[in-house]
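Q: Can you walk me through how the chains in this one fit together? I'd like the interfaces and then the pockets.

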4 protein chains.
Amino acid sequence: MHRGNRHGRSEEARLAVLQAADDLLVEHGFARLTVEAIAQKAGVAKQTIYRWWPSKTDILLDAFLTDAAEELAPPDTGDLAADVRAHLTAVARFLTESDAGAVFRALTAESLHDPRLATRLRAEHLTAQRARDRLPLERAVARGDLPAGTDLDILVDRLVGPLYYRALVTGEEITADYIAAVSSLWSC
Amino acid sequence: MHRGNRHGRSEEARLAVLQAADDLLVEHGFARLTVEAIAQKAGVAKQTIYRWWPSKTDILLDAFLTDAAEELAPPDTGDLAADVRAHLTAVARFLTESDAGAVFRALTAESLHDPRLATRLRAEHLTAQRARDRLPLERAVARGDLPAGTDLDILVDRLVGPLYYRALVTGEEITADYIAAVSSLWSC
Amino acid sequence: MHRGNRHGRSEEARLAVLQAADDLLVEHGFARLTVEAIAQKAGVAKQTIYRWWPSKTDILLDAFLTDAAEELAPPDTGDLAADVRAHLTAVARFLTESDAGAVFRALTAESLHDPRLATRLRAEHLTAQRARDRLPLERAVARGDLPAGTDLDILVDRLVGPLYYRALVTGEEITADYIAAVSSLWSC
Amino acid sequence: MHRGNRHGRSEEARLAVLQAADDLLVEHGFARLTVEAIAQKAGVAKQTIYRWWPSKTDILLDAFLTDAAEELAPPDTGDLAADVRAHLTAVARFLTESDAGAVFRALTAESLHDPRLATRLRAEHLTAQRARDRLPLERAVARGDLPAGTDLDILVDRLVGPLYYRALVTGEEITADYIAAVSSLWSC
DNA sequence: GATTAAGCGAGACGGTACGTCCTGTCTTACA
DNA sequence: TGTAAGACAGGACGTACCGTCTCGCTTAATC
């Protein structure tokens, strides 16, 4: 369907491209995520893709950011241990089971080859994600459940680092027990 | 010198290929690691490569395993905290600074797209690496510095997980302070 | 200059390919007439060649037909013997000395291995060539110099067959005497 | 089966190679006549082939010469016209219908690309064949049926040329009428 | 009878070309 | 002016053969 006009880019084409990229990745893997395949699946000309995205990983990042995948907001029950466990469980599910997680893993993989993508991924996703990861801890500090002056950045790393390690490196399952063990940190 | 015959492949060609793959990756990055470039740099026919390796990532894994990259044996001074800190420092340096670490990062990235490679990488490297990572802890258990019955696997994850997370995901520097904070674990 | 678009192929690329094929054959022989060499010499992508020609012999046939190689129109002086001799001389020169003849010999050779090419070569060149070969005879019939009802097709074969035989099979020179002997046919 | 020894080449291997080449050509055409296919079909090592034949066309020529294909000896009834017609009929059948003719056409085709092969083909087959083609004419001269001093070489060309032309170039059928027309030559 | 050297089947080697796929650029006609 | 369509130059893919080589076996003449 044509949407060419003189009033800016076609939102229709944009969404079709993002959807096609997402679908192709989830269905067929990164190897078959080609610009040509996206264009064909989206019913869009290659030139339209190149006009708006510098590379296929930028498409994927856009698709990832557009998705509601960002809804990993931690709960706030006032119980630090419980809130952290619940949040880590959500993070683990995102990383290992969701479609958005598959896209995130692919983007992370590519970012290891492509510093430009790494920068974008950090700026446009990881920063916000880490802010969300910090929330339960900040609240705990505010409540006095954690000592003021605690280095929350390092604490976040020690909580989510093992999850990413399992999800991205060893591939082992992330069980409730694992999360419990990982989050037994401030009890020191 | 040719060594082609029915009784075995050419060791010369094999080593030239592994060296070329390693060099190309470190010098020019994964994007320019093509089978053709490896063949040319190694002075080898493409067919020889395809005869012995299913894909270029298999070459890279072979190169990685052949390298002295395996020399991450932890020290044994009898001081758990010091041994762990020293080992984590070596792991961090491997991950972020060494040529072998660059190869490892590329392999990890590809393994996120390729389950077959993930399986090989885990079986032929990660298992042994994790065994090395456990060593200081096992010795501590033997010495009575850690309680018998401690789940060392999870402990390993909690120690190295944050390092891999920084090295592979956030890209932040891994400082001595970071290692100190991460390894203040059994003091609980 | 690019001319690729939905409304037609690039005439520039087409001509460059035909010229390159012709040149490569005449300069280096059929053995070195590879698609890659044609593409390189023509400054054209291999895919462009495969898009428009099924095989390199089709390129060569196109080049042959495009050339002015078709200018073997026989003279018409009203003297049957002289016209035939002149025409056979031109045919012999074409077969043995011209660049176009080299292409024709190569195409004939390949057509012996490839029935599809044989069909095309006959339909798109030989038929027209034989029509030209018939012309002096048809004129002679019209003039009454040859009896009406003469089987001109067989007569053409008897005139040009020995020439092709020498040019393609025995390799012997085609002299004026030879042509004179061959064309002393209707004097019976 | 091994036949290695220090007293010369294996006749068994030689015949297997010739047979395999012949079979492959007749069954699958020249395109699939590769040294590797011949070696495999003959149960022979490639090296054995390269030891004894410079190229696959030399194998084919050997196969052709070894075959009883040479038995195109013309009859001798004392009737020039009949003898020539019978011989031309046999030549036509050889060229267009026999397996040996298929090999000959392939060799002729290749000889148009390969002067070395052309020389061999002429020296080792065509010369003898033309001698056989001359025989009826020489006998006729001896009998006085043809004038002494007739240029028999040109006469041979005028008789067989049209047959080769049809068989190799136009692909038209060679009928009895065609042969009758072609051989009505000395009646002038 | 043991030695030895040539021919052999096997098959790995460096290399070239194949025909395909995808990249990123371009041109055109349409809306 | 943005778009769908698609041809373009370029480059890597994985495959098929080329002609060369090395290997270990078999065999028959020589020691």
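A: Sure. Between chain C and chain D about 2900 Å² is buried, with 66% of that area coming from carbon and sulfur atoms. Buried area here is the accessible area (1.4 Å probe) that two parts lose on being put together, summed over both.

Q: Which three residues supply the most of the area that chain C buries against chain D?

A: C:Leu112, C:Arg158 and C:Tyr165, which supply 22% of it, more than any other three residues.

Q: Before we go on, what kind of model is it, and how do the numbers work?

A: It's a predicted model, where local features need pLDDT of at least 70, side-chain atom pairs count only at pLDDT 80 or more, and totals for chains, interfaces and linings use all residues. Residues are numbered from 1 along each chain as its sequence is written, chains are lettered from A and ligands numbered from 1 in the order in which they are written, and side-chain values use heavy atoms, with hydrogens and water left out.

Q: OK. How many residues does each of chain C and chain D put into the contact?

A: Chain C gives 30 residues and chain D gives 31 residues, where contact means heavy atoms within 4.5 Å.

Q: How many salt bridges are there across chain C and chain D?

A: The rule finds 2 salt bridges there. In one of them, C:Asp157 pairs with D:Arg166 at 2.8 Å, N to O. To count, a side-chain nitrogen of Lys or Arg has to be within 4 Å of a carboxyl oxygen of Asp or Glu.

Q: And which elements of chain C touch chain D?

A: Those giving two or more residues are α6 (99-111), α7 (115-143), α8 (152-170) and α9 (176-182) of chain C. The largest share comes from α8(C), with 12 residues. Helices are DSSP runs (H or I, at least four residues), and strands (E, at least two) are too, numbered from the N terminus.

Q: What's the mix of residue classes on that side of chain C?

A: It has 17 nonpolar, 6 polar and 7 charged residues. Ala, Val, Leu, Ile, Met, Phe, Trp, Tyr, Cys and Pro count as nonpolar, Asp, Glu, Lys and Arg as charged, and the others, Gly among them, as polar.

Q: Switching over: what about chain A and chain B?

A: About 2900 Å² is buried between chain A and chain B, 66% of it from carbon and sulfur atoms. A:Leu112, A:Arg158 and A:Tyr165 supply 23% of what chain A buries there, more than any other three residues. The salt bridge count is 2, and A:Arg166 meets B:Asp157 in one, with the closest N and O atoms 2.8 Å apart.

Q: How far apart are chain A and chain C?

A: Their closest C-alpha atoms lie 12 Å apart, and no contact joins them. No contact joins chain A and chain D either, with their closest C-alpha atoms 34 Å apart.

Q: Now the largest pocket: which residues lie nearest its centre?

A: C:Phe30, C:Ala31, C:Glu110, D:Glu110 and D:His113, out of 27 lining residues. On a 1 Å grid over the protein atoms alone, a pocket is an open set of points where a 1.4 Å probe fits, with protein on both sides within 12 Å along at least five of seven lines; lining residues have an atom within 4 Å of a point.

Q: Which element gives the most to that lining?

A: α6(C), with 4 residues. By class, the lining divides into 10 nonpolar, 8 polar and 9 charged.
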